[in-house]
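Got the viewer open and a selection box ready? Let's take a walk through this one, stop by stop.

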Amino acid sequence: KSHEELLIPPTLCHAKTNVMFLKTHKTASSTVLNIMFRFAERYNLTVALPAGQLFHLGYPMTFVAHFVEGFETIGQNYNIMCNHLRFNPLEVKRVMAANTFYFSILRNPIPLLESSYIYYKHNVPAFRSSKNVNEFLASPTKYYHPADYRENIYARNIMWFDFGYNNNAEDDMKYTQAVLEEIEQNFHLILIADYFDESMILLKHVLCWDLDDVIYFKLNSRSQDTVQTLSPESKEQIKAWCSLDWKLYLHFNQSFWRRIEETIGLEVLEQEVDHLRTRQKELMETCLSEQEAVRKDDIRNRALLPFQSGAANILGYNLKQDLDNRTLRTCQKMVMPELQYTSYLYAVQHPHKKRKDVGLPLLWTSRQEE
């Protein structure tokens, strides 16, 4: 070998580009989706997008391959899958390559249920008919009727349901143990939303991505004034009412920290989290006119308005006015809400199909504007 070649440090890994993210509900997963979409664009990857006018992959129906646009012609040549779906490993395997990396994210069921309550207040019968979250939790069975189970999925063990299991199943030890083992077999990594920055650093390491691949602005969060305070009784009640989700969370919260200690160690983790936050702050200073998310009525560019749901006020961002084109593009993608980004990628990947209608003005209409 020549002298020069020896000076180049050997790269220890290649960025994984075949990745399936199971997007769970109310777990900071919209922020992860944005990270996945930007990564797909950076490496020119093909995303398994919902067919036709849909924005999710058949959810809440159990996933089947033909929910993906172009599956009949594209077959197993997708790199990234990350829109909402109800997990069904055999059908996902028909779409994704054999060497695909599978990951998902969980959140503590206590804040999760309160978030669901506000976000799905008007959609879920069990939430609609109760005054507030504490009243619902005082006697859930009074409001939650098994007959409405389809509309009520957000009211009980929603993560269990997203992973493809029965969210009304008996909490039997043998059963839950079997499910946890099956999830461990199907997924290479489970992140924890309550430690989002730590999760992003772990993801970066495991996928061999760059720091800039996991930089994010928090998306789809809501204003503080729509958060309801849970009573101590309610918090305890959630552990019982959503006991399947509670077990799921406890199990994978443990394996998450174990994984961190095995792969990076807490010291390096702390340094990299600092690094991530510094870089994020730099980007916020570059991109945003206010250094924080703003309420829906304060979003100047309607094309960047996030989908509003229930009693939540979903926050968005205002970009600085005088950015050069390249910076503007980067910033726009960092703040682009899920529906708009899905619609845009769909137009890029399937230019001859009717564009998905978000019901908002378009930020850009075609590839030419890039």
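Start by selecting I105: with 0% relative accessibility, this residue counts as buried, because the cut-off for that label is under 20%. Bear in mind as you look around that this is a predicted model.

Keep I105 selected and switch on the cartoon. I105 sits in strand β3, which covers residues 101-106. Now show what surrounds the side chain and backbone. Leaving out neighbours within four places in sequence, I105 is in contact with F21, L22, T24, T27, S29, V32, L191, I192, A193 and F196. For a long hop along the chain, add Y249: I105 and Y249 are 144 residues apart along the chain, yet their C-alpha atoms are separated by 9.7 Å.

Next stop: F103. Which residues does F103 touch once neighbours within four places in sequence are set aside? Select V19, M20, F21, L22, V32, M36, F187, L189, L191 and L203, and you have them.

F103 also leads you into the core. The largest nonpolar core has 120 residues, and F103 is among the members that touch the most others, along with M81, V95, F136 and M200. Show those five as sticks to get your bearings. As background, nonpolar side chains tend to be buried together in soluble globular proteins.

Now for a contrast, jump to Q254. Is Q254 buried or exposed? At 55% relative accessibility, Q254 counts as exposed, since the threshold is over 50%. Q254 belongs to helix α13, residues 243-263. Draw a C-alpha to C-alpha distance from Q254 to K296: these two are 42 residues apart in sequence and 37 Å apart in space.

Time to zoom out. Colour by secondary structure and you should find 16 helices and 4 strands. The radius of gyration is 21 Å, close to the 21 Å the globule rule gives for 370 residues, so the protein is as compact as a globular protein of that length. Along the principal axes, the C-alpha atoms fill a box of roughly 70 × 50 × 45 Å.

A few whole-protein numbers to go with that view:

- Of the 370 residues, 54% count as buried.
- Take contacts between residues at least 6 apart in sequence: 71% of them join residues at least 24 apart.
- Turn on the surface and you are looking at about 17500 Å² exposed, with carbon and sulfur atoms supplying 51% of it.

Last selection: the charged side chains. There are 41 positive and 45 negative ones, and the centres of the two sets lie 5 Å apart.

Methods
Residues are numbered from 1 along each chain as its sequence is written. This is a predicted model: local features need pLDDT of at least 70, side-chain atom pairs count only at pLDDT 80 or more; totals for chains, interfaces and linings use all residues. Side-chain values use heavy atoms; hydrogens and water are left out. A nonpolar core is a set of buried Ala, Val, Leu, Ile, Met, Phe, Trp, Tyr and Cys residues joined through side-chain atoms within 4.5 Å. Buried means under 20% relative accessible area, exposed over 50%, partly exposed in between (1.4 Å probe, protein chains only). Contact means heavy atoms within 4.5 Å. Helices (H or I, at least four residues) and strands (E, at least two) are DSSP runs, numbered from the N terminus. The radius of gyration is taken over C-alpha atoms; the globule rule is 2.2 Å times the number of residues to the power 0.38. Accessible areas come from the Shrake-Rupley method with a 1.4 Å probe; for residues, only the protein chains shown count as cover. Lys and Arg count as positive and Asp and Glu as negative; His and the chain ends are not counted. The place of a charge is taken as NZ of Lys, CZ of Arg, CG of Asp or CD of Glu.
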